Amino acid sequence: MLFGAISQTIFTVRRHAPELIRPAQPTPRELKPLSDIDDQEGLRFHIPLIYIYRQDPKMRNKNPATVIREALAKVLVFYYPFAGRLKEGPARKLMVDCSGDGVLFIEAEADVTLKQLGDALMPPFPCMNELLYDVPGSDGIVDSPLLLIQVIFYMSFLVERIVLIMSTKR
């Protein structure tokens, strides 16, 4: 059970097993060194982001997680470095190994409606740590997925909103 500090709401998040989404087609295998601006020691951390989407009535018969999973595989063909891993070179210089290993994807359900969370949806988001899954072994930035996408379905009579939580490596 999880406790939302501001909303005083207790809820549970059930997650499916994490999976790697790879590009839908073969991509170039190469090393891309980061610029000196992007390779600063103080910028080596995750950046969590939350996006909340209303359900589109035209998509009522489609599973949003499946749609996002398939679209992600297609877009990774063009943005293939995101499917790679950061590596350290000489003098700790970071580079992206465009390996095509994939982006981490997690589907989850929460037994709470967004309305029940109330003002908790405004920054700072007090339930962020409960909602964003900390995948074991992904806390560092070297040799782990560059992007984690978690899709959470909130319960109601109809799925009222889909929350897309992303954590990117910086």
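Two strands are said to pair if DSSP finds at least two bridges between them, and by that rule strand 5 and strand 8 (residues 94-97) pair, because 3 bridges join them and they run antiparallel. The model described here is a predicted one. Its protein chain has 3 helices and 11 strands, and the points below begin with the overall make-up before turning to a sheet, a core and a few individual residues.

**The chain as a whole**

- Read along the sequence, the elements of the protein chain follow the pattern β-β-β-β-β-β-α-β-β-β-α-α-β-β.
- Of the 170 residues in the protein chain, 41% are buried, and the chain exposes about 9,800 Å², of which carbon and sulfur atoms supply 59%.
- Among the contacts in the protein chain with a separation of 6 or more, 75% are between residues 24 or more positions apart.

**The open sheet of strands 5, 8 and 7**

- Strands in a sheet pair through backbone hydrogen bonds, and the pairing can be either parallel or antiparallel.
- Here 3 strands form an open sheet in the order 5-8-7, with antiparallel pairing.
- Strand 5 (31-33) and strand 7 (85-88) stand at the edges of this sheet, and each has a single partner strand, so one side of each is left without a neighbour in the sheet.
- From one strand to the next, the twist averages 35°.
- Where strand 5 meets strand 8, the bridge partner of Leu-31 is Asp-97.
- Strand 7 and strand 8 pair in the antiparallel sense over 4 bridges, and in this pairing Lys-87 stands opposite Met-95 in strand 8.

**Two residues with positive phi**

- Most residues other than glycine have a negative phi, which makes the exceptions worth finding in the model.
- Ala-91 lies in the loop between strand 7 and strand 8, and in the hairpin of these two strands, which has 5 residues between the strands, Ala-91 takes a positive phi near 60°.
- Ala-91 has a relative accessibility of 80% and therefore counts as exposed.
- Asp-143, in the loop between helix 3 (128-131) and strand 10, also has a positive phi, near 65°.
- With a relative accessibility of 48%, Asp-143 counts as partly exposed, because that category lies between the 20% and 50% limits.

**Strand 9 and its neighbours**

- Strand 9 is mostly covered, since 8 of its 8 residues are buried.
- In a regular strand, the side chains alternate between the two faces of the sheet.
- In strand 9, Val-103, Phe-105, Glu-107 and Glu-109 point one way, while Leu-104, Ile-106, Ala-108 and Ala-110 point the other way, and all of them are buried.
- Strand 3 is joined to strand 9 by 3 bridges, and the two run antiparallel; within this pairing, the bridge partner of Arg-15 in strand 9 is Ala-108.
- Strand 4 and strand 9 also pair in the antiparallel sense, over 3 bridges, and there Ile-21 stands opposite Val-103 in strand 9.

**The largest nonpolar core**

- In soluble globular proteins, nonpolar side chains tend to be buried together.
- The largest nonpolar core in this model has 12 residues, namely Ile-21, Ala-65, Leu-72, Ala-73, Leu-76, Ala-83, Val-103, Phe-105, Leu-147, Ile-149, Val-151 and Phe-153.
- The elements that give two or more residues to this core are helix 1 (64-78), strand 9 (103-110) and strand 10 (147-154).
- One of the core residues, Ala-65, is in contact with Phe-105, Glu-107 and Phe-153 when its neighbours within four places in sequence are left aside.

**Glu-107, a buried residue of strand 9**

- Glu-107 has its place in strand 9 and counts as buried, at 12% relative accessibility.
- A polar contact of 3.3 Å joins the side chain of Glu-107 to the side chain of Arg-69.
- Not counting residues up to four places away in sequence, Glu-107 touches Arg-14, Arg-15, His-16, Asn-63, Ala-65, Arg-69, Val-151 and Phe-153.
- Ala-17, which lies in the loop between strand 3 (13-15) and strand 4 (19-21), is exposed, with a relative accessible area of 59%.
- Although Ala-17 and Glu-107 are 90 residues apart along the chain, their C-alpha atoms are separated by 7.8 Å.

Methods: Residues are numbered from 1 along each chain as its sequence is written. This is a predicted model: local features need pLDDT of at least 70, side-chain atom pairs count only at pLDDT 80 or more; totals for chains, interfaces and linings use all residues. Side-chain values use heavy atoms; hydrogens and water are left out. Axes are lines fitted to C-alpha atoms, for helices over the stretch in contact, and angles run from 0 to 180 degrees between N-to-C directions. Buried means under 20% relative accessible area, exposed over 50%, partly exposed in between (1.4 Å probe, protein chains only). Contact means heavy atoms within 4.5 Å. Accessible areas come from the Shrake-Rupley method with a 1.4 Å probe; for residues, only the protein chains shown count as cover. A nonpolar core is a set of buried Ala, Val, Leu, Ile, Met, Phe, Trp, Tyr and Cys residues joined through side-chain atoms within 4.5 Å. A polar contact is a pair of N or O atoms within 3.5 Å; within protein, one must be able to donate a hydrogen and the other to accept it, and residues adjacent in sequence count only if both atoms are side-chain atoms.
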